[in-house]
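Here are some exercises to work through with the model open beside you. Try each task yourself before you read the solution.

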Amino acid sequence: MISDRPVASTTPRTAAQPAVPATRRAVSHEPASPGNGTFTVGLIVNPVAGVGGPAGLKGSDGADVQREALARGASRRAADRAAQAVRALLARRPGTRIVTVAGTMGEDSVRAAGGVPELLRLVPGDPSSSRDTTAAVEAMKDVDLLLFAGGDGTARDVLDGSPSCPVLGIPAGVKVYSGCFAVSPVTAGVMAAEFVPGAREAGQSGGAGDAGGTIEAEVVDLDERVYRRGGVSPRLYGTLQVPAVKARLSGRKVGSSAAAPGSAEGIAWEVVARMRPGARYILGPGATTMALGRLLGLPTTLLGVDVVQDGELVAADVAEQELLDLVEGRESYAVLSVIGGQGFVLGRGNQQISPAVLKKIMTSGGLVVLATQQKLADLGGRPLLADTGDPEADALVEGHFRVITGYRESAMYRIRSAMEECPA
């Protein structure tokens, strides 16, 4: 999906406010009449969401980036993740009507999940664009719930379409900073199946366990061009109404600015003290792993994946295919920091460490997980999460791991797969 989004206003808005004008195609859909008892879900898929992650491109916006990602061996995964959500939805609510867009923007995913899609009279471009997403949202005025598969950029496009019903994101992007996404595709399907339409109109507040209520969730995004140069400055663009099951929502990413001075440096000293001669260490993105690079005196990257061995930089800012070669037949460890507020260790911003790479690492070495004590405390006892997209790979890291929280400080903490049906 080519990003052709106009420059957004700096003033946050909600979905109820006017959308940014976009070129529209004629679309029409005749929904079931209200009150007939049929639950109708809309589905929109950004077919190229997340394609830049395994390729080490830190995003997927722009036709040039998408072509480069495919040239580096990356594959499209958004359709598969959308199909996981639809499969979970139909398994729990078989009579659900699913309204979607032809081809890769939804139809293919519904059919792959064993469903029969009802198609909008909308012909998306090839490749599709953000305008196609916005037009599809505008055409789905009568669905009970809108599911969309993508990342933060797709969430912005959905917001621009001013949806008239609650929405829920199926995480499929490289970066998923917004709070409108379920923790995994399967969770999105389960939440959709349990959703009770009309609760918002009836004025119900929707507590954490109320499947019928809704709450506001923030849509945030950042400029990927600045992001690729190491700048991280997420902006709030507005809010969307989402099902009010907070334990199943990923939540908005929280930065590390609240960490006590010296926390990252103390963690870095402890990691260096534990490093084994001859072993290769794959440093994931983040300020904490960046501190490790500084301590070693190496030019590692803030947002890329780097490989070090015996105090030397083996490779910087690597893609999945290069990483596979670098860990082949070697004792290797993945050094990963925790995403603040969300708890993700794998599957958000570090897709270069793919299921194939992870399986090699877990056979020869293992994980080295880093988090400040404050990050763990902010999780409120919720487990750390892995969402590689491969249940077998996620299963390899399920269990209790020692998390390094400072120099000579650590805590045992549980990691579990985000693909579990009912997150705690």
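**Exercise 1: Getting an overview**

Pairing of E13 is a good warm-up: strand E13 and strand E15 (residues 384-386) pair in the parallel sense over two bridges. Keep in mind throughout that this is a predicted model.

Task: find how many helices and strands the chain has, and what share of its residues is buried.

Solution. Start with the secondary structure, which comes to 13 helices and 17 strands. Next, take burial: of the 424 residues in the chain, 57% are buried. Finally, look at contacts between residues at least 6 apart in sequence; 69% of them join residues at least 24 apart.

**Exercise 2: Tracing the sheet**

Task: work out the strand order of the nine-stranded open sheet and name its edge strands.

Solution. Step one is the order, which reads E11-E10-E9-E12-E14-E16-E17-E15-E13, with mixed pairing. Step two is the edges: strand E11 (312-315) and strand E13 (344-346) each pair on one side only. Step three is the twist, which averages 35° from one strand to the next. To place the E13 end in register, note that Leu346 stands opposite Ala386 in E15.

**Exercise 3: Two helices across the strands**

Task: which strands do helix H8 (residues 263-274) and helix H9 (residues 287-296) lie across, and how do H8 and H9 pack together?

Solution. Begin with H8, which lies across strand E9 (280-283), strand E14 (366-370), strand E16 (399-406) and strand E17 (409-417), at about 120° to E16. Then take H9: this helix lies across E9, strand E10 (306-309), strand E12 (332-337) and E14, at about 120° to E12. Now compare the helices with each other. Their axes are 8 Å apart and the packing angle is about 65°, in a right-handed crossing. On the H8 side, the contact includes Ile267 and Trp269, which belong to a group meeting residues of H9, among them Ala291 and Leu295. By class, the contact has 10 nonpolar residues, one polar and two charged.

**Exercise 4: One threonine**

Task: is Thr405 buried or exposed, and what does Thr405 contact?

Solution. First locate Thr405, which is found in strand E16. Its relative accessibility is 6%, so Thr405 counts as buried; the cut-off is under 20%. Leaving aside neighbours within four places in sequence, Thr405 is in contact with Ile267, Ala371, Thr372, Gln373, Leu376, Ser410 and Ala411.

**Exercise 5: Cores and a second helix pair**

Task: describe the largest nonpolar core, then the contact between H2 and helix H6 (residues 185-194).

Solution. As background, nonpolar side chains in soluble globular proteins tend to be buried together. Here the largest nonpolar core has 57 residues, and those with the most contacts inside it are Leu43, Ile44, Leu120, Leu146, Leu147, Phe148 and Cys180. Helix H2 (residues 78-92) supplies the largest share of this core, six residues. Another core, of 31 residues, lies apart from it and includes Val307, Val357, Val397 and Ile415.

Turn next to the helix pair. The axes of H2 and H6 come within 7 Å and cross at roughly 35°, and the crossing is right-handed. Residues making the contact include Arg81, Ala85 and Leu89 of H2, and Val186, Gly189 and Ala193 of H6. Sorted by class, this contact has nine nonpolar, two polar and two charged residues.

Technical notes. Residues are numbered from 1 along each chain as its sequence is written. This is a predicted model: local features need pLDDT of at least 70, side-chain atom pairs count only at pLDDT 80 or more; totals for chains, interfaces and linings use all residues. Side-chain values use heavy atoms; hydrogens and water are left out. Two strands pair if DSSP finds at least two bridges between them. Helices (H or I, at least four residues) and strands (E, at least two) are DSSP runs, numbered from the N terminus. Axes are lines fitted to C-alpha atoms, for helices over the stretch in contact, and angles run from 0 to 180 degrees between N-to-C directions. Contact means heavy atoms within 4.5 Å. A nonpolar core is a set of buried Ala, Val, Leu, Ile, Met, Phe, Trp, Tyr and Cys residues joined through side-chain atoms within 4.5 Å. Buried means under 20% relative accessible area, exposed over 50%, partly exposed in between (1.4 Å probe, protein chains only). A crossing is left-handed if the near helix is turned anticlockwise from the far one by less than a right angle, and right-handed if clockwise. Ala, Val, Leu, Ile, Met, Phe, Trp, Tyr, Cys and Pro count as nonpolar, Asp, Glu, Lys and Arg as charged, and the others, Gly among them, as polar.
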